[in-house]
Amino acid sequence: MAAEDQSQTSQSDLPYVLILKPPPSFVLFGDHFFHSPNFQYLKAYESPLPLPHFLHTHAQSVQALLSSGGAPVTADTIRLLPRLGLVVTTSQGLNHIDLSECRRRGIAVAGAGTIFSADCADSAVGLLIDVLRKISAANRYVKQGLWSSQGIYPLGYKLGGKHVGIVGLGSIGTEVAKRLEPFGCSISYNSRSKKPLVPYTFYPNVVELAANCDALIICCALTDETHHLISKEALLALGKDGVIINIARGPIIDEKELVHCLVKGEIRGAGLDVFEHEPDVPVELFALDNVVMSPHNAVFTRESFDDLCKLVVGNLEAFFSNEPLLTPVALDDLPHFSGRKD
Amino acid sequence: MESIGVLMACPMNSYLEQQLEKRFKLYRFWTVPDKSSFLASHKDSIQAVVGNAGAGADAELIEALPKLEIVASFSVGLDKIDLAKCKEKGIRVTNTPDVLTEDVADLAIGLMLAVLRKLCESDRYVRSGKWKRGDYVLTTKFTGKKVGIIGLGRIGMAIAKRAEAFSCPISYYSRTEKPEIKYKYYPSVVELAAHCDILVVACPLTKETHHIINREVIDAMGPKGVLINIGRGPHVDEPELVSALVERRLGGAGLDVFENEPYVPEELFGLDNVVLLPHVGSGTVETRQAMADLVIGNLEAHFQKKPLLTPVV
């Protein structure tokens, strides 16, 4: 670190950013990437004090909070922080933050904006091609030496010409659609409301969407309305030739039903980056070649990580210098988020 | 047409076998214990050969079949057929272009995503139960990466079109520059390799393109470069590629084809930046059926003295 000069604020004058639990990126890659000379982190998780006591002790000093899915920002937490003016999250999802309470209190929220949209979309497309063309399964086959001993690998399924249904046509859903068009896929979607300027077919509910497509890609936020949105009915409507890809949140799909459908062959396959009870994954899936899984890492690329560091620091620095946030979350027109842990 | 003898070079597709059996007298070459005596005793009955990427009609086979009129390949690649000999003897040759273009291009993109984003490794990680320990590794973003394509034919163009949707800048090498194409042209493979992040082999295998990926090209790609091969195994100097990957002089590879299929260098099995597929470029239920129908259609057209559907020679 550079030597301090006289004009630099001394450490004790720097405003505090509270962290209840370290975000995955802190734990996995190091919090020094998120360092700024303009603020300091107050790490509740490093204190021996029980959390409510810790919050009570520091309540007056905390104007900003850095959060991620593992530490929900509930109304209770917010009430213990009377000077809180900003919540910054390192995640794409906002379901772990009580946004209505933030709106009520006039607390600003800074999200990930669109920095993760490309990587999430790339994951979705990668998983879809993998499931249809059996890339992970065939790679396993070759690396076990089975090609030379057991011969020709079973055929996969063509992506071109397939009807793809996107659940949630936000920033990520739009990037997915854009990528799949030159593959010859026809795109349809379900969203909270129909989007007027979009060339894709709108279906008013997810079951109808599922019935009319060969692949469903989940790109929506987890809210009270979207919990278990993909129900047994939707999965059966998707059908035996249908594939489901989830790069959003595990609880959007009824996981027990999904496992049942996969085991029984009621759907063709699944590509899953997220699960209802991470890091626990239903063991029945481990025996299935038509399922491709990843450990909730759709946004963990070097490039997105760099972008995230810059964004988190940028938002916090903007807040503390009274400048507009880089990626403010609009708190009007909110779906129901009840601060559920993701 | 039931008396017309058709020799199928190797197992390739059971639907195709069924359809051939319905219309012709089908001989399955791989079931014959003594190939040369079979050819000697059947040389006057075989009028057609059906081959694929693995086996076709070389000069020796063509010479052994004096009544051979047509070679129909269950592939778009023609490297297993002695085209000059066919031309010389007036033997027609057909392949299966267009119907497999999309599948091969889809697989190329699938391999790029699988290698850069470590999809196969992620799947393995979850299946092993290691996720509870929470070790993650940062992977490489695919969007925006520079994609260099060797061979801008049907398949090369289809790959370009798909990669563009991921905002990938496209450049290419071809025997000649294509002025109507907006992508950046490089006059040599080495230069192309030096200027892209992901290099894809999408050209036909000929004498000129044999080992088109050699040590010099691999060096130009560098330790972050990723090679995708959906062409033919012999496009790549395989031992050079293997040592580059093992020694980490090359960033990664997605390979659907190998010099000596189905044998794949075992040194590659343990590498997490390498994805290996058993030559499945056109391997979908839909496309293999379309390819089979094209083979049948070409054979029927020939023997009914109608124009061939997809003639090469």
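**Note on a predicted two-chain model**

1. To begin with a loop of chain B: B:Pro262 has its place in the loop between β11 (252-255) and β12 (274-276) of chain B. The model is a predicted one, and in it the peptide bond that leads from B:Glu261 into B:Pro262 is cis, with omega near 5 degrees. Chain A also has a cis bond to report, from A:Glu278 to A:Pro279, where omega is near 0 degrees; A:Pro279 is found in the loop between β11 and β12 of chain A.

2. The sheet of chain A deserves a careful look, and a reader may trace it strand by strand. Seven strands make up an open sheet with parallel pairing, in the order β8-β7-β6-β9-β10-β11-β12 of chain A. Its edges are formed by β8 (201-202) and β12 (291-293) of chain A, each of which pairs on one side only. Helix α8 (residues 171-180) of chain A packs on this sheet, where the helix touches β6 (163-167), β7 (186-190) and β9 (215-218) of chain A, and its direction makes about 165 degrees with that of β6(A).

3. Which strands does β10(A) pair with, and how do they run? Four bridges connect β10 (residues 243-246) of chain A with β11 (residues 269-272) of chain A, and these two strands run parallel; A:Asn246 stands opposite A:Leu272 in β11(A). Four bridges likewise join β9(A) to β10(A), again running parallel, and A:Ala215 has A:Val243 of β10(A) as its bridge partner.

4. The side chains of β10(A) can be read alongside this pairing. In a regular strand, side chains alternate between the two faces of the sheet. Here A:Val243 and A:Ile245 point one way from β10(A), whereas A:Ile244 and A:Asn246 point the other way, and all of them are buried.

5. Is A:Arg179, in helix α8 of chain A, buried or exposed? With a relative accessibility of 1%, A:Arg179 counts as buried, because the cut-off for that term is under 20%. The side chain of A:Arg179 makes a polar contact, at 2.8 Å, with the side chain of A:Glu175. An α-helix has 3.6 residues a turn, so residues three or four places apart point the same way. Leaving out residues up to four places away in sequence, A:Arg179 touches A:Ala118, A:Ala121, A:Asp122 and A:Val125 in chain A, and also B:Thr143, B:Ala165 and B:Phe166 in chain B.

6. Helix α5 of chain B can be checked for both length and surroundings. At 1.5 Å a residue, its 16 residues should span 22 Å, and the end C-alpha atoms of α5(B) are 23 Å apart, which agrees. Of the 16 residues of α5(B), 15 are buried, so the helix is largely enclosed by the rest of the structure. On the way into this helix, B:Asp98 lies in the loop between β5 (92-94) and α5 (101-116) of chain B, and its phi is near 70 degrees, a positive value in a residue other than glycine. Just after α5(B) comes B:Lys118, with a positive phi of about 50 degrees; B:Lys118 belongs to the loop between α5 and α6 (119-127) of chain B.

7. A comparable check can be made on helix α11 (residues 285-303) of chain B, whose 19 residues reach 27 Å from the first C-alpha to the last, close to the 27 Å expected at 1.5 Å a residue. This helix, α11(B), is followed by B:Lys305, whose phi is positive and near 60 degrees.

8. B:Asp197 lies in the loop between α8 (189-194) and β9 (198-201) of chain B, and B:Asp197 is partly exposed, with a relative accessible area of 25%. Its side chain reaches the backbone nitrogen of B:Lys146 at 2.7 Å. Apart from neighbours within four places in sequence, B:Asp197 is in contact with B:Lys145, B:Lys146, B:Lys224, B:Gly225 and B:Val226. B:Asp197 and B:Gly222 are separated by 25 residues in sequence and by 9.0 Å in space, C-alpha to C-alpha.

9. Two record entries for chain A should be read with their unreviewed status in mind. UniProt lists residues 125-298 of chain A for "domain: D-isomer specific 2-hydroxyacid dehydrogenase NAD-binding" (unreviewed entry); over those residues the chain is 32% helix and 16% strand, with end C-alpha atoms 11 Å apart. UniProt also places "domain: D-isomer specific 2-hydroxyacid dehydrogenase catalytic" (unreviewed entry) at residues 55-329 of chain A, a span that is 36% helix and 15% strand and whose end C-alpha atoms lie 25 Å apart.

Definitions and conventions: Residues are numbered from 1 along each chain as its sequence is written. Chains are lettered from A and ligands numbered from 1 in the order in which they are written. This is a predicted model: local features need pLDDT of at least 70, side-chain atom pairs count only at pLDDT 80 or more; totals for chains, interfaces and linings use all residues. Side-chain values use heavy atoms; hydrogens and water are left out. Two strands pair if DSSP finds at least two bridges between them. Contact means heavy atoms within 4.5 Å. Axes are lines fitted to C-alpha atoms, for helices over the stretch in contact, and angles run from 0 to 180 degrees between N-to-C directions. The expected span of a helix is 1.5 Å times one less than its number of residues. Buried means under 20% relative accessible area, exposed over 50%, partly exposed in between (1.4 Å probe, protein chains only). A polar contact is a pair of N or O atoms within 3.5 Å; within protein, one must be able to donate a hydrogen and the other to accept it, and residues adjacent in sequence count only if both atoms are side-chain atoms. UniProt positions are given in the numbering used here, feature names are shortened, and annotations may be inferred rather than shown by experiment.
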